[in-house]
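Here are a few friendly notes to read alongside the model. Take them one at a time, and keep the structure open while you do.

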Amino acid sequence: MKVLKFGGSSVKNAENINKVAAILQQEKYHHAIVVVSALGGVTDLLIQTGTFASKGNEAYKETLTQLEKRHLETTKTLLPVTAQSSCLSKIKQQFNELEDICEGVFRLGELSKRTQDKIISFGELLSSTIISTFLLSKNISNEWIDSRAVIKTDSNFGFASVDFEKTNSLINQFLQQSQQTLFIAPGFIASNEENFTTTLGRGGSDYTAAIYAAAINAEDLEIWTDVTGMMTADPRWVPNAKTIWHTSYREAMELSHFGAKVIYPPTIQPAMQRGIKIWVKNTFEPEAFGTLIEESPVHTNGIITGISSINHVTLLSLEGSGMVGIPGFSKRLFEALASEKVNVILITQSSSEHSICVAVNTVDAAKAQKVVDAAFDYEIKSGKVEPLKTEHDQSIVALVGDKMKSHTGIAGKMFYAFGRNGINIRAIAQGSSERNISAVVSYSNVKKAVNVLHEAFFESAYKQLNLFIIGTGNVGSRLLAQIQQQQEYLLQQLNLQVRVTGVANSKKMLFNNDGIALHNWKETLIHEGEESSLKHFIQSIIDKNLRNSVFVDVTANADVAKVYHQLLTKSVAVVACNKIAASSSFQDYQKLKKASKEFSAPFLFETNVGAGLPVIGTLNDLVKSGDKVNKIQAVLSGTLNFVFNHYDGSRTFAEVVKQAQDEGYTEPDPRLDLGGTDVMRKIMILAREAGEKIEMEDIANNGFLPQSCFNGSVADFYTEMEKHEAHFKSLYNEAANKKCKLKFVATFNNGKATVGLQHIPTESDFYHLYGKDNIVLFYTQRYPEQPLVVKGAGAGADVTASGVFADIIRVA
């Protein structure tokens with residue numbers, strides 16, 4: 001004989017109950033006990049009804065009316081007219097009784113646990129009556145069992161303990177006296193020795209089914225729900241969660257204890273003692289395999305079977321020097337908690353015996369603190385022990401797997417994944433069985449923690465990056481186009497899923513946790529985006545707390561650069577095309593570098609120098625490998641190189657600069673390029689990356705622009721350049737007469753940096769530098785005479801975007 005249990009979602013309405021009937025019509029279920037829950041959501045409404053009544057709130061009457069209407073309508077939908085009368089009459093009688101009880105509670109203004117058990121028992125009594133009658137109407141012969149008559153418990157109302165000896169005897173006695181082979185029983189409910197109704201705890205219908213299964217030594221116990229078995233993680237949090245096809249009793253107990261909602265934790269023990277296989281099946285996909293729980297499963301999983309979590313946890317810490325070496329402190333702590341029936345979820349103690357920490361449900365925290373402080377009142381007053389410390393808003397995340405005990409490095413991998421994503425661990429526990437590693441983290445981080453662990457242990461297929469891009473101008477839009485083009489390639493070739501989760505410009509910002517569709521991001525940003533706010537954009541990144549988050553700055557905005565530190569301290573990686581942060585004061589530069597290291601959040605800014613050229617990366621490789629940089633010579637402005645390569649006096653200097661701006665080679669304000677400020681920033685960044693402490697004022701700038709060009713607007717700047725055309729032509733002619741070219745060169749040598757216009761002779765490495773190309777010469781201990789040369793296009797939206805994209809991939 002089999003035992004089946006159908007949960008609230010499986011019997012939520014008439015449509016679902018029809019699916020249950022279709023399952024029970026199969027021949028293999030003709031000999032079975034079927035345990036059913038209340039119709040979906042009914043138990044919560046019954047609890048609400050009792051609470052309303054106890055507080056003198058007449059709204060309980062309206063709730064009762066709604067409940068009665070729902071059950072009557074379900075019955076009328078399921079049953080043919082000729083079969084309705086008897087069932088409708090029973091429902092009416094039960095609601096009359098329920099109404100009388102609630103009226104008594106209303107008048108007394110009191111709701112005892114015993115009375116609450118009585119009220120909420122009506123959910124299962126009603127559903128089982130309706131389902132039994134419906135099956136009879138479909139010629140599926142069955143007998144209804146009143147679980148209260150055969151399952152006996154103590155009087156711990158709300159969470160009663162079963163007397164298995166009496167219960168097993170009564171169940172078998174009932175079955176032996178019956179001529180039927182199919183039985184319908186209400187779950188969750190039982191009775192004590194005085195025949196008062198008790199309940200087995202929320203989720204107790206699973207347990208009811210296990211009680212019946214153990215009593216009759218059933219062939220199988222099947223838990224029918226709305227998911228296809230147990231999952232590697234909560235699918236509401238982890239979209240890529242996978243079904244666990246096979247697992248052991250002990251793994252299933254660990255997972256269910258730590259929050260896996262599919263099966264009620266006490267369910268497993270009775271079945272395990274009898275060696276009864278437990279199936280977790282999907283009512284809405286009855287042909288799916290589901291999950292098989294047994295003693296020695298065929299393991300198709302990896303080392304880790306699943307990840308689970310418990311929320312609304314409070315940490316209690318008892319600390320004090322008076323605890324060291326004194327036996328009995330732990331005993332007294334747990335006795336105090338037990339006296340108030342406070343369940344301890346997790347325990348950890350330091351080897352110094354200076355402190356002991358336990359986790360409890362937050363609803364028990366206040367009484368736990370009160371009873372523990374009372375138990376240690378003498379030690380607290382004498383200073384031997386500190387008053388109990390409480391930390392609320394915590395969660396427990398657990399890795400579960402039988403194979404963990406035979407594999408090293410699991411805890412290290414777990415902690416690395418947490419650290420890389422800025423998830424702080426408050427407490428750690430691992431049982432001697434090594435079947436479970438549990439960590440206490442902030443509730444605000446629990447969803448992220450579960451996703452991070454799932455990616456680390458189950459999603460070897462790919463790693464996910466969540467990008468938040470600010471700036472959608474020339475470079476930003478090209479970057480988005482490049483990401484769209486390469487998304488499939490990165491997933492297939494590098495196992496890297498790159499998602500743009502947020503995008504913003506000066507007017508609008510847009511978020512989508514599942515990734516913004518890049519084929520029409522412009523239209524979506526315009527029509528669905530909200531008004532842009534840098535503060536809101538940054539706070540949203542922090543609040544979303546997505547794993548592997550990367551902030552990508554494709555602006556030249558100083559305010560944006562100021563948020564880097566805030567993001568890095570939240571373990572959000574920063575990829576900056578914006579040069580302002582890396583070229584700010586040395587103190588701020590160091591602060592960002594330190595935060596990046598401390599919070600394991602990469603801070604990458606390759607495109608600050610040379611656009612897409614690997615300049616900073618090459619320099620970093622030299623330094624990391626032990627080389628010492630003695631001198632750097634470079635042409636670092638693609639804009640200035642473009643301008644001086646195209647200016648020959650046949651057109652005005654202003655016209656050539658305007659062409660450079662129109663083709664996207666200049667900063668929004670070209671004076672930053674032509675005045676040398678941009679080149680100063682770049683050589684300073686290289687000097688700093690080489691290990692030099694240097695500020696902007698330490699750099700000598702031998703500029704060529706007349707001072708009047710720096711006054712007024714950009715339009716005024718062009719006007720002034722026209723006025724000074726003779727000056728620019730004389731610069732060109734002077735170089736041309738010497739058979740030289742004009743190049744704006746940056747030099748770092750022996751701790752000193754300079755930038756300025758130079759005459760470049762034909763034999764120089766800089767002479768044959770065309771278009772918008774940049775060149776950097778690194779003279780080091782390993783390259784003392786023949787420098788290491790990096791050369792190529794140093795400006796342009798496409799190459800700059802590709803450099804930013806390369807940094808994004810480096811983050812992964």
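1. Let us begin in a loop. Asn-557 sits in the loop that runs between β21 and α19 (558-561). Please keep in mind that what you see is a predicted model. Is Asn-557 buried, exposed or partly exposed? Its relative accessible area is 34%, so Asn-557 counts as partly exposed, because that class lies between the 20% limit for buried and the 50% limit for exposed. Leaving aside residues up to four places away in sequence, Asn-557 touches Asn-578 and Ile-580. For a sense of scale, try finding Arg-107: Asn-557 and Arg-107 are 450 residues apart in sequence and 67 Å apart in space, C-alpha to C-alpha.

2. Now follow β21 into its sheet. This is an open sheet of seven strands with mixed pairing, in the order β20-β19-β18-β17-β21-β22-β23. Why do β20 (530-531) and β23 (603-604) each have one side without a neighbour in the sheet? Both strands stand at the edges with a single partner strand, so nothing in the sheet pairs with that other side. Elsewhere in the sheet, β17 (residues 463-470) and β21 (residues 549-553) run parallel and are joined by five bridges. Across this pairing, Phe-468 stands opposite Phe-551 in β21. Helix α16 (residues 474-494) lies across β17, β18 (496-504) and β21, and runs at about 155° to β18.

3. Phe-468 deserves a closer look. Its relative accessible area is 0%, so Phe-468 is buried. Phe-511, at 18% relative accessibility, also counts as buried, because the limit is under 20%. There are 23 aromatic pairs by the rule used here. In the pair of Phe-468 and Phe-511, the ring centres are 6.5 Å apart and the planes are at 55°, so this pair is tilted. Since Phe-468 belongs to strand β17 and Phe-511 to strand β19 (residues 508-511), the pair ties together parts that are 43 residues apart in sequence.

4. What about the nonpolar cores? Nonpolar side chains in soluble globular proteins tend to be buried together. The largest nonpolar core here has 81 residues, and Phe-551 and Tyr-564 have the most contacts inside it. Helix α26 (residues 677-689) gives the largest share of this core, seven residues. Another core, of 47 residues, lies apart from it and includes Ile-17, Ala-32, Ile-119 and Leu-135.

5. Ala-32 leads us to strand β2. How many of the five residues in β2 (residues 32-36) are buried? The count is five of five. Side chains in a regular strand alternate between the two faces of the sheet. In β2, Ala-32, Val-34 and Val-36 point one way, while Ile-33 and Val-35 point the other way, and all are buried. Strand β1 (residues 2-6) runs parallel to β2 and is joined to it by five bridges, with Val-3 opposite Ile-33.

6. Some more rings are worth finding. Ring pairs link Phe-644, Tyr-647, Phe-653, Phe-704, Phe-728, Tyr-732 and Phe-744 into a cluster. Charged side chains meet rings too: Lys-413 has its charged end over the ring of Phe-457, 4.8 Å from the centre. Arg-332 lies over the face of Phe-329, at 5.7 Å from the ring centre.

7. Finally, have a look at Glu-720 in helix α27 (residues 714-723). With a relative accessible area of 15%, Glu-720 is buried. Not counting residues up to four places away in sequence, Glu-720 touches Ser-708 and Cys-709.

Conventions. Residues numbered from 1 in each chain as written. Predicted model: local features only at pLDDT ≥ 70, side-chain atom pairs only at ≥ 80, totals over all residues. Heavy atoms only, no water. Pairing = 2+ DSSP bridges. Helix = DSSP H or I, 4+ residues; strand = E, 2+ residues; numbered from the N terminus. Contact = heavy atoms within 4.5 Å. Axes fitted to C-alpha atoms, helices over the stretch in contact; angles between N-to-C directions. Core = buried A, V, L, I, M, F, W, Y, C linked by side-chain atoms within 4.5 Å. Buried < 20%, exposed > 50% of the residue type's maximum accessible area, 1.4 Å probe, protein only. Phe/Tyr/Trp six-rings, centres within 6.5 Å; stacked < 30°, edge-to-face > 60°. Lys NZ or Arg CZ within 6 Å of the ring centre and 35° of its normal.
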